[in-house]
Amino acid sequence: MVWDMQYEITALILIGLFFVFYNLQKSLPIRKNIIFSDLLLMQFLCIITDIIAAVFSSYPKTFGYWHQELSNMSYFLCVFSLYYLFMQYCRYLTGDRLKVLVGRQWWISVPFWFAEVICVTNPLTGFLYRVDETGFTRGSIFYELHPAIVVFYSGVSLAFIFHSRKRIPIKEKVSLVFFVIVSTTAAMLQIFVFRYLLLINIGCSFSLAVCFLSMQNPEFDRDQKTRVFNRDAMFKYLGEKLIFGKHRYRYVGITFQNYGRLRAIYGSGIMDKFLNRFGIFLKKHVNNVMPFYLQSGEFLLVLNSRADKDQIMEQVKEFMDKGFCFNGQKVKPKAKFIYMSEECDVKDGHEVYDIIKFSLKKIEKDESNDICDIDDRMLAELHYSIKVKDALHKAVDDDAIIVYYQPIYDSIIGAFSSAEALVRIEDPELGVIPPAAFISLAEEDGTILRLGNQVLRKVCRFISEHDMDAMGLKYIEINLSPIQCMNRGLAKEIIDVAKEFNVDMSYLNFEITETAKLDIKDLNLLMDALIGEGSGFSLDDYGTGFSNLVNVLKLPFDIVKIDKSVVWSYFDGNDIVLPRLISMFAEDDFGIVAEGAETDHMQQTLQEMGCDYIQGFYFSKPIPEFNFIEFIKEKNISRKKVVFE
Ligand code: C2E
Ligand code: MG
Ligand code: MG
C-alpha cells in the first residue's frame, strides 16, 4: 500500500516556515513561548517521521523490518507527545488553575507515559502496530490507545480552557478550541475513516498556524518604535520570574530629561527615530540585560547576575553624548538613571513598574541628579502614594470626598466674609489625607473631574442648607484645577449644579492657579460664562509660577491671592517685594488676599500693608463643615450680632 502524502508535504512547508520565522525572531523567554516553540518542533518532527515511516512502509521489501519499526515508533512517540504538549500549553496559558478539579495533576501525565512505553516496547509486543514484509498494519490495541490519547488530552485541554474562560482573551480562547476541534477531528478521520490519508499533521499544523497568528506572533511582545520588548511583555516576564521562579533581579530605569518638552520641540517623528536608535543600541550593545520600553521615553533594563550596572550606565551615557542628527536637526537628550537593587522585595511586574515609573518621574524633574538609587524612603513614599490613589478612587466612587472650610478674614469690615473650600479624604488606615497628596494623582488620571464635581455639589449643598447672608458670608471659594478648566463643558456643569441646589451663582467664587497648562482663550470663555451668572474669580497662588502671568492678569479676575510662600519670605526677611506687590494690585483695583498668616503680628502687618482679606492658621486652619459653622457663629456673632437659626 502506498500512502497519500500530499497533506504531509503541505504541512511540512507550513510548519517549516513558521518554525524558521518563530526562531529567527527572539521571542520573550517565558514558559508559554518555550512550550509553543517545543510544539512547533514536535509538529515538525511528527511530519518528518510520518513521511519517513510512510515511505518505509510503502516499500517494505526495500527497507526491511527495523527501518519500518523504528520510523513508526518515532512517529507514534512524536504524535502522542504533540497532544500532550498541547495540553501543557493550554495549562500554562490558562494559568494552571484547575487544581481543584484535578488534584495534584500528576495523573494527567500517566496516559502519556503509558502510551510512550507501549511505543518503545512495540517491537516486543506489537500491540500498537505490526510491520513485516507486507508493510504496516495496526496492532491489537491501536483502536483503543490512539483515540484514547487524543480524546483524553483534547478533553483535558478543553477543561483547562473552560475553567479559565473568563480570564483568557476571546482570541486565545477561540484559537485553542479551534486547535482541539480540528486536531481531534483530523485524528478520528485518519484512525477510523480514511486510514491511508495522513490527516493528523495537516490538521494540527493548520491549527498551530492559527495559534501563531492570533497569539504567538513574537511581534505582539515588541514595541514597534524601539523594537525592544514592550510593557505588557515586561509584566508577563517578571510575573513569571518573580512569582513562579522566586527570582530576584536588579533593575536600571532610564528616562530622558524633559522628554515631554523635547517631543513638543522636535516633534514626534524625530523623537520616535531617536527612540528607535536607542532601542537598537540597547538590544545590540548592552549585554546581560533584558530591555523593555515602558512608553513616554522610559526604559527598564532587567539585569542578570553577570551585568555590571555602572558599566551599563557609562555605556548609555557615552552613546547619548554623541548626540543624534535627524533630517538635519541635532538632538541630544540627557539620560537619567534609577537603580533598584535585589534587596528591594518586589512581588510582580506591576510593582516593579509602579516603583520604576514613580522614581523615573521624580528623577526626570531633578536637575541636580542624574543617577538615583531607589531607597527605603522612596519605596515608602511610593507605597503611600499607591495607598492614597486607592483611597482617592474609593472616596470618589463612594461620593465620600470631604470638604473642609478655611475662614477668610475681611480686614475692611473686621469679620469673616468668605471661606475657601479645601478638599480632604478620610481613610481608615491613613487618617485625613491632605490635598497635596492626591490632587496631582487625580489630575494625572482624570479623576479630578469627578472630584471637582463632588466638591462643587457639596459646597452648593452647604450653601443651600445655610443662610449665607445671616452668617455674614459673601461667597465660598472653590479651587478649579487647570485640568477641569480644559473641559469646555465646565461652565454649564457648574451652572447646572448651582441650579439643582437652588444656589445663586454669586455665592460661588472660583480660584484658579496660573500654570503653563492653562489655555487663555478657553479660560476666558469659562470666566465670561460664569461671571455673566454672577460668580467671581480669584487668581490663586500668586508668586509661585510666572509662565503665563502677563496674559493671565489680563483676564477678568477680581481678586489676587498672594501665595503663603511670598508672605513667609517677607516675614523671614528674605524678600521685600510684598508691600510693593500689594500696592501694585491695589492700584489696579484687585481685591487682595494674603495667605499663610500664622501670627498676630503677621495679620496686623498684612492689614496695615493694605490686604483686604487675610487667610491663615492664625484665624483658623481648614475645618470640617460643622466646626466651621460653629466658628462663624462665634466670631461673626460676637462682632456683628448676627442671629442664626
Ligand atoms: P490653595 O488653594 O493655595 O489653598 C491654601 C492652602 O494653604 C491650604 O492647604 C491651606 O490649608 C493652606 N494654608 C492656609 N493658611 C495657612 C497657614 O497659615 N499656614 C500654613 N502652613 N498653611 C496655610 P491645603 O488645604 O492643604 O490645600 C493645598 C492645595 O490643594 C490648595 O492650595 C489647592 O491648590 C489644592 N486644593 C485643595 N482643595 C482643592 C479642590 O477642591 N480642588 C482643587 N483643584 N484643588 C484643591
Ligand atoms: Mg486656593
Ligand atoms: Mg493658594
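User: Which residue coordinates both the magnesium ion (ligand 3) and the magnesium ion (ligand 2)?

Analyst: This is a predicted model, in which local features need pLDDT of at least 70 and side-chain atom pairs pLDDT 80 or more, while totals for chains, interfaces and linings use all residues. Residues are numbered from 1 along each chain as its sequence is written, chains are lettered from A and ligands numbered from 1 in the order written, and side-chain values use heavy atoms, with hydrogens and water left out. The two ions are 3.9 Å apart. The residue that coordinates both is Asp 540.

User: Which residues are the protein donors of the magnesium ion (ligand 2), and what spacing do the donors follow along the chain?

Analyst: Donors are N, O and S atoms within 2.8 Å of the metal (3.2 Å for Na, K and Ca); water is not among the atoms, so sites may look incomplete. Glu 420 (OE), Asn 479 (OD1), Glu 511 (OE) and Asp 540 (OD) meet this rule, lying 1.9 to 2.2 Å from the ion. Glu 420 in strand β11 (residues 415–427) and Asn 479 in strand β13 (residues 475–480) are 59 residues apart; helices (H or I, at least four residues) and strands (E, at least two) are DSSP runs, numbered from the N terminus. Along the chain, the donors follow the spacing E-x58-N-x31-E-x28-D.

User: Is Asn 479 buried, exposed or partly exposed?

Analyst: Buried means under 20% relative accessible area, exposed over 50%, and partly exposed in between (1.4 Å probe, protein chains only). Glu 420, at 4%, counts as buried. With a relative accessible area of 29%, Asn 479 is partly exposed.

User: What is the spacing in sequence of the donor residues of the magnesium ion (ligand 3)?

Analyst: Asp 540 (OD), Asp 541 (OD) and Glu 595 (OE) lie 2.0 to 2.3 Å from this ion. Asp 540 belongs to strand β15, whereas Glu 595 is in the loop between β17 (591–594) and α25 (600–609), 55 residues apart. Both Asp 540 and Glu 595 are buried. In sequence, the donor residues are spaced D-D-x53-E.

User: How much of the area that ligand 1 exposes when taken alone does the protein bury?

Analyst: Polar contacts with a ligand are pairs of N or O atoms within 3.5 Å. A polar side-chain atom of Arg 424 is 2.9 Å from an oxygen atom of ligand 1, and a polar backbone atom of Phe 617 is 2.8 Å from an oxygen atom of ligand 1. Taken alone, ligand 1 exposes 790 Å² (Shrake-Rupley method, 1.4 Å probe). Of that, the protein buries 86%.

User: Which element gives the largest share of the shell around ligand 1?

Analyst: The shell has 23 residues, each with a heavy atom within 4 Å of the ligand. Elements that give two or more residues are β11, α16 (435–445), β15 (536–542) and α23 (564–572). The largest share, 4 residues, comes from β11.

User: Is the ring pair of Tyr 84 and Phe 112 stacked, tilted or edge-to-face?

Analyst: Rings of Phe, Tyr and Trp (its six-membered ring) pair if their centres lie within 6.5 Å; planes under 30 degrees apart count as stacked, over 60 as edge-to-face and the rest as tilted. The rule gives a count of 53 aromatic pairs. Because the rings of Tyr 84 and Phe 112 have centres 4.1 Å apart and planes at 5°, the pair is stacked.

Notes: A polar contact is a pair of N or O atoms within 3.5 Å; within protein, one must be able to donate a hydrogen and the other to accept it, and residues adjacent in sequence count only if both atoms are side-chain atoms.
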